[in-house]
Amino acid sequence: MNIDYKSEIAALHDETIALRRDIHAHPELGFQEERTAALIEARLKELDIPVRRIAGTGIVGVLKGDKPGNTVMLRCELDALPITEDNDLPFCSKNPGVMHACGHDCHAAITAQIAKILAAHRSELPGTVVFMFQPDEEGAGAMPMIEGGALEDPRPNAILGLHVWSQYPFGKVAMCAGPMNASSYYFKITIHGKDTSGYEPEKGVSPISCAAHVLQAIDTMQAMEFNAVNEPTLITVGMIHAGNYMINIPDACEIQGSIRCLHEDEKRVHERFRALVVDICKSMRCTADVEIECGNTMLSNDEKLFEMGREVVTETLGPDAMLTKGVRGMGGDDLAEFFNEGIPGLYYMVGMGSPEKGTTVQHHNKDFLVDEDILDIALELQLKMAVRFLEEN
Ligand SMILES: [Zn+2]
Ligand SMILES: [Zn+2]
């Protein structure tokens, strides 16, 4: 294909920034991305790209090139987070309590602009590009997209996903072959005891005292029962709720958290977790309900796509831009669900952290800031990878 990457991306620069700022100013929570979805939908239709809705606010646009070939899917996310923005920007969130604090506004804008560039090259496009705008990545929006047929008609031969990332230096690109992001399951334990007055504890059973033992047992289990090198496992508790009066012992205590595994034997971890909690509670004269729900499965990059991605990054940003060591992490992304449908995929993170610009704040924070200079770079990488895949396959 005859794409002049630098100049075609530069020509759209102001529009890319404006689109990202528009989405940033109007953040919406998972499955409520009505405005954002309508905005994207309208833009794709304007480009003469057929669009369908899935799972309410999910968008799939299919750009069929005039030349025959394979199908590549570019996946991005639409959702924001329940956070009140604490930045001083002219395009700050106008939706109180909701904020694009993960960079999904950037991904959606980048993907829409790639659609624009490729639509202008439709006559020389060797195959099909599917643009997927997914709702509720922060929850578990991938499965409803799959169940709604996002991976059919046409079925992609490869899926590409990127994430701008404040924790890597600006212009560095992190990716590896094989497992890169851990599976993440959410658990909720309800410990049932028996309520009583604080002055006669012997007449009841304290679920709070029991919870203390459960917490210790969980920490011991994750440190002692899994191979530290080959079975990275992380169990963390983020919420614990019980009682409403300081001199009473309540009936129940709820503990919620996540179980993350960067290995394939996650079922064994979940079963052991469940058994341990139930047994500890029994020994403390309580009973326990344990619910475990999938947030995302483990994300593993395809070897060939990784090699292709490495080539594109090295050509575009130089050999020093590639980070392959230390890029595996216990954080998850439900892009994994699409890969696990048997479609090779590549996920990579584009660093945008620069201390002097204040863009090294962790994602999901109220003062999370994007270095907008990364938009054109990330756009170029993703566009080139899509084109290269179609040209080479
Ligand atoms: Zn996030
Ligand atoms: Zn994210």
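Donors are N, O and S atoms within 2.8 Å of the metal. With that in mind, a good place to enter this predicted model is its pair of zinc ions. Cysteine 102 serves as a bridge between the zinc ion (ligand 2) and the zinc ion (ligand 1), and the two ions lie 3.1 Å apart.

Taking the ions in turn, the zinc ion (ligand 1) has as its protein donors Cys102 (SG), Glu138 (OE), Glu138 (OE) and His364 (NE2), found 2.0 to 2.7 Å from it. Glu138 thus appears twice in this list of donors. Along the sequence, the donor residues of the zinc ion (ligand 1) follow the spacing C-x35-E-x225-H. The angles among the 4 donor atoms run from 52 to 152°, and the site is irregular. Tetrahedral geometry would call for all angles to lie between 85 and 135 degrees, so a range of 52 to 152° does not qualify. Distant parts of the chain are linked here: cysteine 102 sits in the loop between β3 (67-77) and α4 (104-119), while histidine 364 belongs to the loop between β16 (345-353) and α10 (374-392), 262 residues apart.

The zinc ion (ligand 2) is held by Cys102 (SG), His104 (NE2) and His163 (NE2), at 2.1 to 2.4 Å. Its donors are spaced C-x1-H-x58-H along the chain. The donor residues can also be described by their accessibility. Cysteine 102 has a relative accessible area of 6% and is buried, and histidine 104 is buried as well, at 1%. Histidine 364, a donor to the zinc ion (ligand 1), counts as partly exposed at 38% relative accessibility.

Elsewhere in the chain, an open sheet of 4 strands is arranged in the order β10-β12-β8-β13, with antiparallel pairing. The edges are taken by β10 (233-242) and β13 (287-296); each has a single partner strand, so one side of each is left without a neighbour in the sheet. From one strand to the next, the twist averages 20°. At one of these edges, β10 runs antiparallel to β12 (residues 252-261), and 9 bridges join the two. Within this pairing, isoleucine 240 has isoleucine 255 of β12 as its bridge partner.

Two helices pack on the sheet. Helix α6 (residues 207-224) touches β8 (183-192), β10 and β12, and its direction makes about 170° with that of β10. Helix α7 (residues 266-283) touches β8, β10, β12 and β13, with its direction at about 160° to that of β13.

Notes
Residues are numbered from 1 along each chain as its sequence is written. Chains are lettered from A and ligands numbered from 1 in the order in which they are written. This is a predicted model: local features need pLDDT of at least 70, side-chain atom pairs count only at pLDDT 80 or more; totals for chains, interfaces and linings use all residues. Side-chain values use heavy atoms; hydrogens and water are left out. Donors are N, O and S atoms within 2.8 Å of the metal (3.2 Å for Na, K and Ca); water is not among the atoms, so sites may look incomplete. Buried means under 20% relative accessible area, exposed over 50%, partly exposed in between (1.4 Å probe, protein chains only). Two strands pair if DSSP finds at least two bridges between them. Axes are lines fitted to C-alpha atoms, for helices over the stretch in contact, and angles run from 0 to 180 degrees between N-to-C directions. Contact means heavy atoms within 4.5 Å. Four donors count as tetrahedral if all angles lie between 85 and 135 degrees; four count as square planar and six as octahedral if opposite donors are over 155 degrees apart and all others between 65 and 115; anything else is irregular.
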